[in-house]
Structures are given as C-alpha cells and as structure tokens.
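These are my notes from going through one model. I list what I looked up and what came back.

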Amino acid sequence: MDKRNFIIPEFGPLRGLRVVGAGSLIAMPFAVTMMADFGAEVIQIERPGIGDTYRFFPPVKKTEQGAAGSSWIQDARNRLSMTLELDLKDHDVKDIFYKLIAQSDIFIENMVWLEKLGIDDDEILKVNPRLVIVHISGYGHSEFGGRPEICNQASYDMTGQAFSGYALFNGYEDRPPLIVKPSLGDYITALFALFGMLAAYIDAKNTGRGQVVDVAQFESMARVMRDAFTMSSLGLAEVQRCGTKAIGFQPWDLFTSKDGVYVSIGAVGKSVFERFMNAAGLDAEKYPYEKTSKDKTAVNSPEGRELDSLINEWCLSRTADEIEEAMRAGRVPCARVNDAQACMKNEQYLSRGDFVNFVDQSTGVDVTAFGVAPKMSVSPGMVWRGGPALGQDTEDILKKILGYDDRSISSFREKGII
C-alpha cells in the first residue's frame with residue numbers, strides 16, 4: 001500500500017502517481033499538465049522570486065492580486081508550485097530534492113544545464129531505483145547519440161520545425177516556408193514525452209526498474225512527417241508546399257462563402273468525391289473523378305481546373321450555414337473556420353462539456369478555459385484548481401510530504417533557497 005502523503009484531490013486514472021517537473025515554457029509543463037488533468041500529483045519546481053518564464057508570456061492579465069499570462073492561465077491548472085533554488089551544491093537543496101525524488105514516480109525536466117546544477121541521472125536512480133527520468137531538449141542528450149555540439153544547442157519551437165524539415169510542409173510554393181502556430185512543435189514534443197514517461201512508468205511498475213527517457217524536439221516533429229523520408233528514400237518525390245490545397249485530389253481547400261466565411265471542404269477518394277458532387281449539384285458525368293480528382297495530373301487538367309472554379313463559385317453563392325448543411329446531408333467532411341468566440345458558443349463544444357471554469361490563483365480571476373480531453377467513461381479527468389501562484393504550495397509540500405518542521409522551513413527562507 002502506498003504510504004506517501006498526497007495533497008491533491010483523489011481522481012482520475014493517474015491518482016496515486018507523483019510527478020516532479022523542473023523547467024519552463026511549453027513542452028515539459030504541458031506534458032505534466034496532461035498528467036495533472038487525469039489525477040497525477042504534479043509538483044513544478046520554480047526558482048524563488050522568478051518562476052516559470054511562461055507565467056508572464058503575453059498577453060498578460062493584471063489585477064490588484066497579481067498578474068499572469070493567458071497561456072499560463074490555460075495550461076498551468078492542477079499543478080502545485082514549489083519554489084526551490086535547484087542547485088545541488090547546497091546541502092539543504094540536495095536534501096530537499098532527494099527526499100522529494102525518493103517519494104516520486106517521475107522526474108521530468110527541460111532545463112538542459114543539469115551538470116552545472118549537480119543533477120545526475122545515475123545518482124538520482126540510486127536514490128529511487130524505480131524512478132522514471134524524462135529529459136526534453138531540442139536535439140537530445142548525447143548519451144543517446146548525436147554530436148555533442150549539436151545536442152548542446154538551444155532550441156525553440158521554430159528551431160525544431162526548421163531542423164526536422166516539418167516547416168517544408170507548410171506554406172505556398174512561391175513563398176517561404178511557414179512555422180505553424182501556436183508552438184505546434186512544443187505541443188507535439190510534450191505528447192511524445194507524455195507517451196514516453198507513461199510507457200516507462202508501466203515498465204517500472206512491472207519490473208521495479210526505472211530508466212531514462214530522452215525526448216528530442218526535432219525527432220518528435222520528424223516522427224509526424226508521415227511519408228516524407230520514405231517518399232524521398234524511394235525516389236518518389238520530395239516534400240512540397242502547396243498551401244491548403246491537396247496535390248492529388250479535390251475538393252480539398254478553404255473556400256469562401258457568400259457571407260465571407262472560410263469553409264473547409266475535403267473529399268478523398270472516388271466515393272466521397274461523388275457524394276460531394278451530388279451534394280453540390282455538380283455534374284459528375286461531365287467532371288468524372290478519374291479526369292478531375294484522381295491524382296495531380298487530373299487535378300491540373302483543363303477539366304480539373306474548370307471544376308475547381310465551379311466549386312469556388314458554388315461556395316460563393318451560398319452562406320456558410322447553407323454549405324455546411326448541404327455537405328452534412330451528403331456526408332462530406334466540411335466545417336467553417338471558427339474563432340474562439342464561435343467555439344465557445346458552439347453546441348457541439350457545449351454539449352460535450354468542453355469548457356471549464358476555475359479561479360486563477362495568481363490573479364484571482366474566474367476563467368473560462370478549454371477543459372479536459374480525452375473523455376473517459378469510468379475515471380474521467382477534472383480541473384480542481386487554477387494555475388498556482390508562485391510558490392503557493394511550497395510549505396505544504398515541505399511539511400506534509402517531506403516532513404520538515406516550521407524551524408527548518410524558516411531557515412530555508414532565510415537562506416533564499418525556497
């Protein structure tokens with residue numbers, strides 16, 4: 001039986017699992033927030049008086065109580081904030097950190113400068129042999145391969161999209177590649193980290209043996225590039241930018257409606273193409289699939305280009321509501337491009353309970369934010385608290401989890417390590 005003291009509500013499939021995170025910005029904190037949404041107790045270590053850089057990522061909401069960026073408010077919910085100057089050369093810091101590690105299941109970080117702080121995987125695993133250690137970086141740790149000078153380079157989301165080649169998928173042929181926002185590479189990296197840490201945690205539960213998981217941002221992005229590498233190695237083609245249009249079939253684009261709304265319509269394969277033609281009242285005999293949409297040659301044929309013009313004209317003569325209704329009736333994938341306000345009023349979102357309200361702990365503001373995904377029938381996730389104020393949970397963690405008394409905590413404050 002687990003005798004550790006947990007200080008969050010008990011819920012979700014990850015209840016009874018403790019994650020310690022150290023680092024800032026997006027990939028590492030988002031990975032642990034996903035864990036926290038489903039019941040893991042997540043303790044984020046932040047520098048005293050400074051905190052996670054993401055706390056004040058603009059735009060920032062300011063009140064008399066405090067300030068926090070909207071991104072932090074969305075993504076920091078359910079976490080505990082512990083301030084600790086994480087430099088293990090200080091005896092007290094080392095004692096606090098090792099005690100916390102000894103009572104945890106996962107340690108995840110994206111700080112990069114671990115050696116300088118005295119944080120060593122082998123030493124940590126001696127403290128807790130069942131621990132899963134997760135490193136997130138731009139280019140990976142050289143212990144897992146790679147040139148040390150490259151592994152030591154700094155990286156942002158934009159850097160990872162560029163180095164991986166992912167940026168070549170996005171944009172138009174006659175313009176520079178596009179970096180996909182908001183921070184797509186960071187969020188994809190976070191999801192790979194989430195998968196890696198849970199896989200390693202299951203292994204540790206089965207074997208009693210912890211391990212190190214190395215998550216590189218560029219590799220995470222490269223893994224979701226579909227057939228870019230096989231396509232190139234087989235000599236078939238290289239990645240091409242083509243905007244929103246598909247290279248080898250139609251319709252597949254954003255079309256403008258009569259009321260000026262962008263609407264996405266896609267039809268892949270003959271059966272969906274024919275359903276679209278029927279729903280739009282277009283002549284499938286005059287513009288057959290084989291001659292207009294089967295492949296790149298058909299799409300760019302005179303008939304294919306003529307059909308593209310007709311599809312655009314059809315959309316421009318109808319409102320977005322009319323287009324969506326016709327495509328829904330014809331079972332053709334279609335959706336208007338919603339803004340945030342439209343999503344927050346949409347019955348599909350609302351009926352699935354996709355938005356939650358909570359009080360942000362830094363500003364005191366009642367916030368509406370996107371909720372928990374995916375849904376679960378037996379042990380669903382929840383949001384039990386908004387993002388913490390800096391160091392809000394330090395004393396509770398030191399007392400209730402690690403067993404320090406008031407005198408020790410006062411001395412830590414006087415030294416400035418918490």
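For the pocket tallies below I count Ala, Val, Leu, Ile, Met, Phe, Trp, Tyr, Cys and Pro as nonpolar, Asp, Glu, Lys and Arg as charged, and the others, Gly among them, as polar. The model is a predicted one.

**Pockets**

I began with the largest pocket, which holds about 1,100 Å³ of space. I found 42 residues in its lining, and Gly23, Ser24, Leu25, Asn110 and Tyr156 lie nearest the centre. I then asked which elements give two or more residues to this lining. They are β2 (41-46), β7, α7 and α8. By class, I noted 21 nonpolar, 13 polar and eight charged residues in the lining of the largest pocket.

I went on to the second largest pocket, with a volume of about 780 Å³. Its lining has 25 residues, and Phe169, Arg226, Gln240, Cys242 and Ile247 are the closest to its centre. I noted 15 nonpolar, six polar and four charged residues in that lining.

**Leucine 25 and serine 183**

Leu25 had come up at the largest pocket, and I checked its backbone. Leucine 25 is not a glycine, yet its phi is positive, about 60°. I located leucine 25 in the loop between β1 (18-22) and α1. Its relative accessibility is 25%, so I put it down as partly exposed.

Serine 183 is another non-glycine with a positive phi, about 50°. I placed serine 183 in the loop between α7 and α8. With a relative accessible area of 21%, serine 183 is partly exposed; the cut-off for buried is under 20%.

**Helix α8**

I checked the length of helix α8, residues 184-207. Its 24 residues at 1.5 Å a residue should span 34 Å, and the end C-alpha atoms are 35 Å apart, so the two agree. Just after α8, glycine 208 has a positive phi of about 75°.

Which residues of α8 are buried? I listed Gly185, Asp186, Ile188, Thr189, Ala190, Ala193, Leu194, Gly196, Met197, Ala200, Tyr201 and Ala204. I then looked up what these buried residues pack against: α1 (27-37), β6 (106-109), β7 (132-137), α7 (157-164), β8 (211-216) and α9 (217-223).

**Nonpolar cores**

Nonpolar side chains tend to be buried together in soluble globular proteins. I looked up the largest nonpolar core and found 40 residues in it. Val19, Met35, Ile106, Ile108, Val132, Val134 and Ile136 touch the most other members. The elements giving two or more residues to this core are α1, α2 (70-75), β6, β7, α8, β8, β12 (355-359) and β13 (366-370). α1 gives the most, with eight residues.

I followed up valine 132. Neighbours within four places in sequence aside, valine 132 is in contact with Asp105, Ile106, Phe107, Met197, Ala200, Tyr201, Ala204, Gln211 and Val213. Apart from the largest core lies another, of 33 residues, among them Leu88, Phe97, Leu402 and Ile409.

**Isoleucine 96**

I next looked at isoleucine 96, in helix α3 (residues 91-102). I noted isoleucine 96 as buried because its relative accessibility is 0%. Not counting residues up to four places away in sequence, isoleucine 96 touches Met82, Leu84, Leu398, Leu402, Tyr404, Phe412 and Ile417. Isoleucine 96 and tyrosine 404 are 308 residues apart in sequence, and their C-alpha atoms are 9.1 Å apart.

**Alanine 335**

For another case I took alanine 335, in strand β11 (residues 334-336). Its relative accessible area of 32% makes alanine 335 partly exposed. Beyond neighbours within four places in sequence, I found alanine 335 in contact with Val263, Ser264 and Glu324. Alanine 335 and glutamine 217 are 118 residues apart along the chain, and their C-alpha atoms are separated by 31 Å.

**Cis peptide bonds**

I ended with cis peptide bonds. The bond from proline 58 to proline 59 is cis, with omega near 0°. I located proline 59 in the loop between β2 and β3 (60-62). The bond joining glutamine 250 and proline 251 is also cis, with omega about -5°. Proline 251 sits in the loop between α10 (228-233) and β9 (252-256).

Definitions and conventions: Residues numbered from 1 in each chain as written. Predicted model: local features only at pLDDT ≥ 70, side-chain atom pairs only at ≥ 80, totals over all residues. Heavy atoms only, no water. Helix = DSSP H or I, 4+ residues; strand = E, 2+ residues; numbered from the N terminus. Expected span 1.5 Å × (residues − 1). Buried < 20%, exposed > 50% of the residue type's maximum accessible area, 1.4 Å probe, protein only. Contact = heavy atoms within 4.5 Å. 1 Å grid on protein atoms, 1.4 Å probe; cavity = no way out; pocket = protein on both sides within 12 Å on 5 of 7 lines; lining within 4 Å. Points joined across faces, edges and corners; volume = space filled by probe spheres on them. Core = buried A, V, L, I, M, F, W, Y, C linked by side-chain atoms within 4.5 Å.
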